[in-house]
Each structure stands twice: as structure tokens, then as C-alpha cells.
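The exercises below each set a task and then work through it in steps. Keep the sequence and the structure in view.

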Amino acid sequence: MRIRINGMSCSHCQARVEKGLSELDGVTSVRVDLPTGTATVVGDVTEDRLRTALDDLGYEYGGKL
């Protein structure tokens, strides 16, 4: 699943989001692309769970692409 993430501004943000999303149950891999503000998440996880996790990390879920 490819999603948009709002609020990332630096490599620390990128690393924080990658780590946070990769720790979710069912997620097998995460790749965050800082310049485009997107992430590719592989695994069995719902959009609602991603939205909640991003909110907990301090970022905004921008929708599925």
C-alpha cells in the first residue's frame, strides 16, 4: 500500500516514521520517501491502523495513493 504522509520535514522524520510503522503488527516492510512525502507499506495492516500510528507519531495520514 502506498500512502501520503503530511508533516515530515527531515531525515529524522523519515527514520521515525519508518521505525514506527515497521513496528506495527502485520507490517513486513516500510519504505519512506521524504521528497515525495509518501511511504510504501507491505504487509497486512489497515488504513485506520496506519492513520492511528501516524497520529501517535505526530504526523498526518494524507490518504492512500
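**Exercise 1. Strand pairing**

How many bridges join strand β1 to strand β3, and do the two run parallel or antiparallel?

Solution. The model is a predicted one.
- Step 1: β1 covers residues 2-6 and β3 covers residues 38-43; 3 bridges join them, and the strands run antiparallel.
- Step 2: One point at which to check the register is I3, whose bridge partner in β3 is A39.
- Step 3: β3 also pairs with β2, residues 27-33, in the antiparallel sense and over 6 bridges.
- Step 4: For the register of that pairing, take S29, which stands opposite V42 in β3.

**Exercise 2. The chain as a whole**

Give the order of the elements, then decide whether the overall dimensions agree with a compact globule.

Solution.
- Step 1: The chain holds 2 helices and 4 strands, and from the N terminus their order is β-α-β-β-α-β.
- Step 2: A compact globule of 65 residues would have a radius of gyration near 11 Å; the chain has 10 Å, so the value agrees with that expectation.
- Step 3: Along the principal axes, the C-alpha atoms fill a box of roughly 25 × 20 × 20 Å.
- Step 4: Among contacts with a separation of 6 or more, 61% are between residues 24 or more positions apart.
- Step 5: Buried residues make up 35% of the 65. The accessible surface is about 3,800 Å², with 45% of this area belonging to carbon and sulfur atoms.

**Exercise 3. The two sides of helix α2**

Which residues of α2 are buried, and which exposed residues does the face turned away from them carry?

Solution.
- Step 1: Helix α2 spans residues 47-57, and its buried residues are L50, A53, L54 and L57.
- Step 2: These residues lie on the same side of α2, because they cover an arc of only 95° around the axis.
- Step 3: The general rule behind such a pattern is that an α-helix has 3.6 residues a turn, so residues three or four places apart point the same way.
- Step 4: The buried residues of α2 pack against β1, β3, β4 (60-64) and α1 (11-22).
- Step 5: On the face turned away from the buried side are the exposed residues D48, D55 and D56.
- Step 6: After the helix comes G58, with a positive phi near 95°.

**Exercise 4. G37 in the hairpin**

Locate G37, describe its backbone, and decide whether it is buried or exposed.

Solution.
- Step 1: G37 sits in the loop between β2 and β3.
- Step 2: The hairpin formed by these strands has 4 residues between them, and G37 there takes a positive phi near 65°.
- Step 3: The relative accessible area of G37 is 11%; since buried means under 20%, G37 counts as buried.
- Step 4: Leaving aside neighbours within four places in sequence, G37 is in contact with I3, R4, I5 and M8.
- Step 5: For a distance check, take L21: it is 16 residues from G37 in sequence and 14 Å away in space, C-alpha to C-alpha.

**Exercise 5. The surroundings of T38**

What is the relative accessible area of T38, and with which side chain does the side chain of T38 make a polar contact?

Solution.
- Step 1: T38 belongs to strand β3.
- Step 2: With a relative accessible area of 3%, T38 is buried.
- Step 3: Its side chain makes a polar contact with the side chain of R2, at 3.5 Å.
- Step 4: Not counting residues up to four places away in sequence, T38 touches R2, I3, R4, M8, R31, V32, D33 and L65.

Methods
Residues numbered from 1 in each chain as written. Predicted model: local features only at pLDDT ≥ 70, side-chain atom pairs only at ≥ 80, totals over all residues. Heavy atoms only, no water. Pairing = 2+ DSSP bridges. Buried < 20%, exposed > 50% of the residue type's maximum accessible area, 1.4 Å probe, protein only. Contact = heavy atoms within 4.5 Å. Arc of directions from axis to C-beta. Polar contact = N/O pair within 3.5 Å; in protein donor to acceptor, adjacent residues only side chain to side chain. Rg over C-alpha atoms; globule rule 2.2 N^0.38 Å. Areas by Shrake-Rupley, 256 points an atom, 1.4 Å probe, with all protein chains shown as cover.
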